[in-house]
Amino acid sequence: MMPDTMQQLTLSNVSLSFAGSPILEGIDLQLASDELVVVVGASGSGKTSMLRLAAGFQSADSGTVQMNGHDIAGPGAERAVVFQDDALFPWLNARDNVAFPLRLQGGIDRAERIRRADAQLAAVGLEGYGTRRLWQLSGGQRQRVGLARALVVQPAFLLMDEPFAALDALTRAQMQVALLEVWSRYRQGVLFITHDIDEALLLATKLVVLSGRPARVAETLTLDYGRRVLAGATTREIRADPQFQNLREQVLDRLFLSEPAA
Amino acid sequence: MSALQKNPLRRKSAALVSAITITAVLIIWWAVTGMHGIDPLFLPSPGAVLAKFAEVWREGYVDATLLQHLAASLLRVFAALAAAIILGVPVGLAIGTSTIGRGIFDPLVEFLRPIPPLAYLPLIVIWLGIGETSKIVVIGIAMFSPIAISTAAGVRSVAPNRIDAARAFGARGWQLLLHVRLPSALPEILTGVRIALGAGWSTLVAAELVAATRGLGFMIQSAAQFLVTDVVIMGILVIAGVAFLLEAGVRLLERWLVPWRGKL
């Protein structure tokens, strides 16, 4: 299920302020299908605002946000969003949550919706969990349901806002691997927001470091630790790699470059 | 969830204390009425009230059995509840989701909310006559505000991420309302129904003041006019007992309709 053609999501010279105070200034970002772009920044650095701009939940004060050369005017199913709190619907079971976007699309009969939802649940490692209610699932399993719900419409881009931040360390590591597997299978462009530098380094094919107030892009790195995880390396091995640790220090430096001394 | 609800041992001991309290009240009641000098006209004994309950159950009072009185009252309250839900939920949605809706309906709801039913009863009788409709309307007015207010609070407190998630998949206007806002507000709506049932049930006696021929409230008033105190007390206890059962019924309904409440 590769995207038919190369898709492009672009933020050019984007600025945004909220209640009079500037949050983002002159942000440039390119995301193509088959890229996994991670934006890392401190809490309150405006990285979630970047994702909301890309999703079309809000519009920029200046600059352009475009998909394949067309301005983004609002949310759309071709840019699916995964939230930090899973944002699932507790009145629906796991399967119906995943089938929800299909129901909105219309024109797909119920049997087909169930078939696709179950297949998508299986693809994120939840085969046979369709009839479970949300409170019968763990936090990690609920995030998998959220991921399946985003993937079921075969979006061109997956926008993920700190999706694993609320999970325990072990579940988080499992979800990182699960995301890499899903990404390598479908090759959607992923925009992934996090404040966790290890997570950012591990997942990104392109790492964007946001820094300062208002936030600017302080550095962009091209990485391939994700591919090494997919090739069989464990996340522990990678974290122990001296080069990885150097990169972590470098990113930390960039993150707090323009912060006043405490 | 409070510690009291969480700990089964504590919950049991709370129930035990309640049972002891009720028993103590019954014993005091029984002991007081056993003393000389207390006229049964003022306070009949528990035994006399129980005997009256059995008698009215079998033979009836003022031309109807207890069950017929109960059925008449319940029918009015549930008819009023249906009307209050049909009107109150959309009004609550309007208040909770639109500025114009809030501007129109909020003052009306806030105006109706604090007025005691006895105050508007004469007006309703002048407008709608002395038939069944006016009784249902009197009860319905008492039920409308809690349902509208709870619904509004429910739709206002929907997690913004849920709305965004649905919008990201292309949901707009009515779809958001039907698929996200309304089900999200269901726990609060049911809380409103529970409060409304309590409010409506306590309006019963007022609603049955004028030209009723059946109903628990009517039965109590007829008995009071002839100083049949045991029927009055029996009627009060039946009203209290039914209120308790209604409350338990809505709680069961909540557990069935919003099983996620308190779990997520």
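Chain A of this predicted model is built from nine helices and ten strands. Its C-alpha atoms sit in a box of roughly 55 × 45 × 35 Å, with the sides taken along the principal axes. A compact globule of 262 residues would be expected to have a radius of gyration near 18 Å, and chain A comes out at 18 Å, so the two agree. Buried residues account for 56% of the 262 residues in the chain. As for the outside, chain A has an accessible surface of about 11100 Å², and carbon and sulfur atoms hold 47% of that. Contacts that reach across the sequence turn up a lot here: of the contacts in chain A with a separation of 6 or more, 70% are between residues 24 or more positions apart.

A123(A) gives a handy example of such a link. This residue belongs to helix α3 of chain A, which covers residues 110-123. Setting aside the neighbours within four places in sequence, A123(A) touches V182(A), R185(A) and Y186(A). Another residue from that part of the chain, E181(A), is 58 residues away from A123(A) along the chain, yet their C-alpha atoms are separated by 9.5 Å. Is A123(A) buried or exposed? Its relative accessibility is 18%, and the cut-off for buried is under 20%, so A123(A) counts as buried.

Helix α2 of chain A, residues 94-105, is a good place to look next. Ten of its twelve residues are buried, which means that α2(A) is largely enclosed by the rest of the structure. The buried set takes in A94(A), R95(A), D96(A), N97(A), V98(A), A99(A), F100(A), P101(A), L102(A) and L104(A). What do these buried residues pack against? Within chain A the partners are α3 and α4 (139-151), and from chain B come α8 and α9. After the helix comes G106(A), with a positive phi near 75 degrees.

The same helix also has a part in an enclosed space. The count of cavities of 30 Å³ or more comes to one, and the largest cavity holds about 40 Å³ of space. Its lining is made up of D96(A), A99(A), F100(A), R103(A), R110(A) and R113(A). Which helix gives the most to this lining? That is α2(A), with four residues, while both α2 and α3 of chain A supply at least two each. By type, the lining has four charged residues, two nonpolar ones and no polar ones.

An open space involves both chains. The second largest pocket contains about 370 Å³ of space. It is lined by 21 residues, and those nearest its centre are L88(A) and P90(A) from chain A along with R162(B), W260(B) and L264(B) from chain B. Two elements of chain B, α8 (160-168) and α9 (173-201), give two or more residues to this lining. The largest share, three residues, is from α9(B). Ten of the lining residues are nonpolar, six are charged and five are polar. Both α8 and α9 of chain B have already appeared above, as packing partners for the buried residues of α2(A).

A few spots in the backbone deserve a closer look. Most residues other than glycine have a negative phi, and most peptide bonds are trans. In chain A, the bond joining R213(A) and P214(A) is cis, with omega at about -5 degrees. P214(A) lies in the loop that runs between β9 (206-211) and β10 (216-222) of chain A.

Chain B offers two cases of positive phi. A211(B) is not a glycine, but its phi is positive at about 55 degrees. This residue is in the loop between α10 (204-207) and α11 (216-225) of chain B, and with a relative accessibility of 47% it counts as partly exposed. L227(B), also a residue other than glycine, has a positive phi near 55 degrees. Its place is the loop between α11 and α12 (229-257) of chain B. Is L227(B) buried or exposed? With 57% relative accessibility, and with exposed meaning over 50%, L227(B) counts as exposed.

How values were computed:
Residues numbered from 1 in each chain as written. Chains lettered and ligands numbered in written order. Predicted model: local features only at pLDDT ≥ 70, side-chain atom pairs only at ≥ 80, totals over all residues. Heavy atoms only, no water. 1 Å grid on protein atoms, 1.4 Å probe; cavity = no way out; pocket = protein on both sides within 12 Å on 5 of 7 lines; lining within 4 Å. Points joined across faces, edges and corners; volume = space filled by probe spheres on them. Nonpolar A, V, L, I, M, F, W, Y, C, P; charged D, E, K, R; others polar. Rg over C-alpha atoms; globule rule 2.2 N^0.38 Å. Buried < 20%, exposed > 50% of the residue type's maximum accessible area, 1.4 Å probe, protein only. Contact = heavy atoms within 4.5 Å. Areas by Shrake-Rupley, 256 points an atom, 1.4 Å probe, with all protein chains shown as cover.
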